[in-house]
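Hi,

Here is the structure I promised to pass on. Have a look at it first, and then read on for what turned up.

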Amino acid sequence: MTAARHLVLIPSYNTGPKVYETVRAALAQWHDVWVVVDGSTDGTAEGLQRLAAEDQRLRVLLLPQNRGKGAAVLLGLHAALAEGYTHALTMDSDGQHPAELIPHFMQASAERPDTMVLGRPVFDASAPLLRVRGRRVSNWWTNLETLGAGIGDSLYGFRVYPIAELIAVMQGQPWMRRFDFDTEAVVRLAWRGVKPVNLDAPVKYLKAEEGGVSHFRYGRDNVLLTWMHTRLMLEFLLRLPLLALRRVRRRPPFQP
Ligand SMILES: Nc1nc2c(ncn2[C@@H]2O[C@H](COP(=O)(O)OP(=O)(O)O)[C@@H](O)[C@H]2O)c(=O)[nH]1
Ligand SMILES: [Mg+2]
């Protein structure tokens with residue numbers, strides 16, 4: 001087996017200056033940090049390229065047009081695999097995720113390279129009730145779709161993925177390219193036999209005046225997520241007999 005090699009992968013779309021803070025915070029914790037700028041029109045592509053010119057540890061990949069979070073991650077995964085990386089820690093570019101936990105997550109992944117290391121969000125008072133409740137619904141479905149494989153949170157994007165496995169579940173199907181990425185990724189990886197390991201990680205919701213930006217649109221994206229759970233449920237029914245057998249036999253992802 002080849003030794004595990006980990007990078008931090010940050011998909012970014014029009015976050016404004018928050019992406020610089022995020023990248024600096026990640027570089028303070030890790031030696032390889034890649035940002036995929038997904039058709040941003042806020043000048044951050046140029047700003048990040050200037051930062052990368054001064055710091056060898058940072059790499060910037062550019063998509064000319066906005067293609068969505070999952071598409072941006074996939075572009076980064078292909079490039080990272082080609083360079084010999086085995087695992088990617090994804091984090092949001094908008095300052096919501098705890099960069100100081102990068103080494104902790106990387107270590108957990110290095111100890112169990114066959115797993116996916118998932119952040120389990122610890123909310124503070126800043127979390128909007130609607131988002132916290134919506135999350136419970138998504139987690140309930142995810143739990144069912146994976147027959148209780150142990151996914152702590154379906155939506156939190158602060159995670160370490162095995163790169164080859166994630167590419168395998170994404171290619172050959174057109175979905176998972178936008179906000180349906182995070183949830184569908186963990187469900188399909190669990191179906192493939194990748195066991196989740198859950199670690200607590202705080203999440204912040206920043207107000208607009210603190211530089212907070214969100215591209216999540218309740219109408220558009222809840223339709224996208226509902227359609228995602230619909231197709232996952234249909235496929236789950238087909239997979240149910242084999243999944244149940246694996247569960248009874250304690251085969252991956254159901255091993256202790
Ligand atoms: N590449 C890419 N990343 C995106 C896009 N929209 C969101 N993101 C990333 O996904 C993260 C989460 O999206 P965000 O808009 O903050 O949603 P929220 O945190 O759920 O409100 C962002 O911080 C970005 O890193 C997009 O269109 N393309
Ligand atoms: Mg956000």
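To get you started: in which loop is Asn-14 found? Look between strand S1 and helix H1 (18-27), and you'll have Asn-14. Before we go further, keep in mind that this is a predicted model.

Asn-14 caught my eye for its backbone: its phi is positive, about 40°, although it is not a glycine. As for its surroundings, Asn-14 counts as partly exposed, because it has 18 C-beta neighbours inside 10 Å, and the buried label takes 20 or more.

Arg-250 also has a positive phi without being a glycine, this time near 55°. You'll find Arg-250 in the segment after H8. Is Arg-250 buried or exposed? Exposed, because just 9 other C-beta atoms lie within 10 Å of Arg-250, and the cut-off for exposed is 12 or fewer.

The segment after helix H8 (218-248) is also the place of Pro-253. A cis peptide bond links Pro-252 to Pro-253, with omega at about 5°.

Now for the sheet. It is an open one with seven strands and mixed pairing, in the order S3-S2-S1-S4-S6-S5-S7. Why do S3 and S7 have one side without a neighbour in the sheet? Strand S3 (58-63) and strand S7 (196-203) are at the edges and each has a single partner strand, so one side of each stays free of a neighbour there. On average, neighbouring strands of the sheet are turned by 25° against each other, ignoring direction.

Zoom in on S4 (87-90) and S6 (159-162): these two strands pair antiparallel over four bridges. One pair to click on is Thr-90 with its bridge partner in S6, Arg-159. Helix H6 (163-170) lies across both S4 and S6, and runs at about 80° to S6.

Next, the ligand. How many residues surround ligand 1? There are 16, and the closest are Tyr-13, Asp-38, Ala-72, Asp-92 and Ser-214. Strand S1 (6-12), strand S2 (33-38) and helix H3 (69-82) are the elements that each give two or more residues to this shell. By type, the shell has five nonpolar, seven polar and four charged residues.

Last, a note from the records: an unreviewed UniProt entry places the feature "domain: Glycosyltransferase 2-like" at residues 8-140. In the model, that stretch is 43% helix and 22% strand, and its end C-alpha atoms are 29 Å apart.

Cheers

Terms used
Residues numbered from 1 in each chain as written. Chains lettered and ligands numbered in written order. Predicted model: local features only at pLDDT ≥ 70, side-chain atom pairs only at ≥ 80, totals over all residues. Near = placed C-beta within 6 Å. Nonpolar A, V, L, I, M, F, W, Y, C, P; charged D, E, K, R; others polar. UniProt positions renumbered as here; feature names shortened; annotations may be inferred. Pairing = 2+ DSSP bridges. Axes fitted to C-alpha atoms, helices over the stretch in contact; angles between N-to-C directions. Contact = placed C-beta atoms within 7 Å.
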